[in-house]
Amino acid sequence: MKDIEYIKKYGNPQNLTENIKRLKNGDPVQYIVGNVNFYGLLFHVDKRVLIPRFETEELIEKTLTYLPSKKALNIIDLGTGSGCIAITLKHKLPTAKVTALDISEEALEVARENAIVHQTEIHFIHQSMEDTLPEYYDVIISNPPYIAYDEPIEEIVEKNEPHLALYASNHGLYFYKVILNQAIKYLNKDGLIALEIGQTQGEAICQMVSEILPHMSCWIEKDMQGLDRFIFIKNS
Ligand SMILES: C[S@@+](CC[C@H](N)C(=O)[O-])C[C@H]1O[C@@H](n2cnc3c(N)ncnc32)[C@H](O)[C@@H]1O
């Protein structure tokens, strides 16, 4: 569906003229309409959060097939943004305890709103994923910022979405190292790490896994476009 038709169908009809103006100004259609369908649930989005992507729906789909076999899983989503991963997982796994962490208080405001709309009990934490985590987890899942500072990206993304959600140092790899180091301390014995990655980062991250978590096995999976997009890490 073309953006303008999408706005007419899903946007507030009273704001139609203003919304078309925003579209012409280069605002993303999801921010204009104010929500996005993610894994069958509608999430409120605005400039405070990254717009959830199709690939992240695939991350969830795949993660659900690799979950440790335990009834009440303890799950943490590092860098929750709109809360799309944490809330969807809680929706699919009602007995799980789900924690959603973000360094951005603004993003957490949006995620809390979304958790209320979807009547999901999520434990929100406002802190950096680099800092001490409060518990041990069976699943550590994350779609961290992974774009290198010198990587060219679409203008609409660069101009509108929070840079805190996009960019990372060390060629975009910084947060993967942080997450793997956190897993040494906070991942339960038969736990799973599920990560969304940049399409060229797979090998470098698996190399990090072999150094930081040498007893665990790591495999890369592709997205629907055939690009390397996910890494799963488990005890072999
Ligand atoms: C790529 S976005 C992912 C948002 C959401 N999980 C999704 O998949 O749509 C990365 C998120 O990480 C957060 N973030 C950036 N640096 C962080 C840090 N040091 N600690 C925790 N969260 C951080 C950003 O605020 C952003 O919400």
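Modeller: Start with residue classes. Ala, Val, Leu, Ile, Met, Phe, Trp, Tyr, Cys and Pro count as nonpolar, Asp, Glu, Lys and Arg as charged, and the others, Gly among them, as polar. Keep in mind that this is a predicted model.

Biologist: How many residues of each class does the shell around the ligand have?

Modeller: The shell has 12 nonpolar, eight polar and two charged residues. Of the 22 residues around the ligand, Gly79, Gly81, Ile103, Asn143 and Ala165 come nearest.

Biologist: Which elements each supply at least two residues of that shell?

Modeller: Helix H5 (84-92), strand S4 (97-102) and helix H8 (163-166) each do.

Biologist: On to the sheet. In what order do its strands run?

Modeller: The general idea comes first. Strands of a sheet pair through backbone hydrogen bonds, either parallel or antiparallel. Here seven strands form an open sheet in the order S5-S4-S3-S6-S7-S9-S8, and the pairing is mixed. S5 and strand S8 (216-222) are the edge strands, each pairing on one side only. On average, neighbouring strands of this sheet are turned by 15 degrees against each other, direction ignored.

Biologist: In what sense do S3 and S6 pair?

Modeller: Strand S3 (residues 74-78) pairs with S6 in the parallel sense, over four bridges. Take one residue: Ile75 has Val139 in S6 as its bridge partner.

Biologist: Which strands does helix H4 lie across?

Modeller: H4 (residues 54-65) lies across S6, strand S7 (187-196), S8 and strand S9 (228-235). Its direction is at about 155 degrees to S7.

Biologist: At what angle do the axes of H4 and H5 cross?

Modeller: They cross at roughly 35 degrees and come within 11 Å. The crossing is right-handed. H4 brings Thr56, Ile60 and Leu64 to the contact, and H5 brings Cys84, Ile85, Thr88, Leu89 and Lys92. By class, that contact has five nonpolar, two polar and one charged residues.

Biologist: Now strand S1. Which of its side chains are buried?

Modeller: In a regular strand the side chains alternate between the two faces of the sheet. In S1 (residues 35-38), Val36 and Phe38 point to one face and are buried. Asn35 and Asn37 point to the other face and are not buried.

Biologist: In what sense does S1 pair with S2?

Modeller: S1 and strand S2 (residues 41-44) pair in the antiparallel sense over four bridges. Phe38 stands opposite Leu41 in S2. Two residues lie between the strands of this hairpin, and Tyr39 takes a positive phi near 50 degrees.

Biologist: What is the phi of Gln119?

Modeller: Most residues other than glycine have a negative phi, and most peptide bonds are trans. Gln119 is not a glycine, yet its phi is positive, near 50 degrees. Gln119 lies in the loop between helix H6 (105-117) and S5.

Biologist: Where is Asn170?

Modeller: Asn170 lies in the loop between H8 and helix H9 (174-186). Asn170 is not a glycine either, and its phi is positive, about 55 degrees.

Biologist: Why does Asn170 count as exposed?

Modeller: The cut-off for exposed is 12 or fewer other C-beta atoms within 10 Å. Asn170 counts as exposed because it has 12 C-beta neighbours inside 10 Å. Gln119 has 9 other C-beta atoms within 10 Å, so Gln119 is exposed.

Biologist: And Asp131: buried or exposed?

Modeller: Exposed, because Asp131 has 12 C-beta neighbours inside 10 Å. Asp131 is found in the loop between strand S5 (122-126) and strand S6 (137-142). Its C-alpha atom is separated by 9.4 Å from that of Val178, 47 residues apart along the chain.

Terms used. Residues numbered from 1 in each chain as written. Predicted model: local features only at pLDDT ≥ 70, side-chain atom pairs only at ≥ 80, totals over all residues. Buried ≥ 20, exposed ≤ 12 C-beta atoms within 10 Å, placed from the backbone. Near = placed C-beta within 6 Å. Pairing = 2+ DSSP bridges. Axes fitted to C-alpha atoms, helices over the stretch in contact; angles between N-to-C directions. Contact = placed C-beta atoms within 7 Å. Left-handed = near helix turned anticlockwise from the far one by under 90°.
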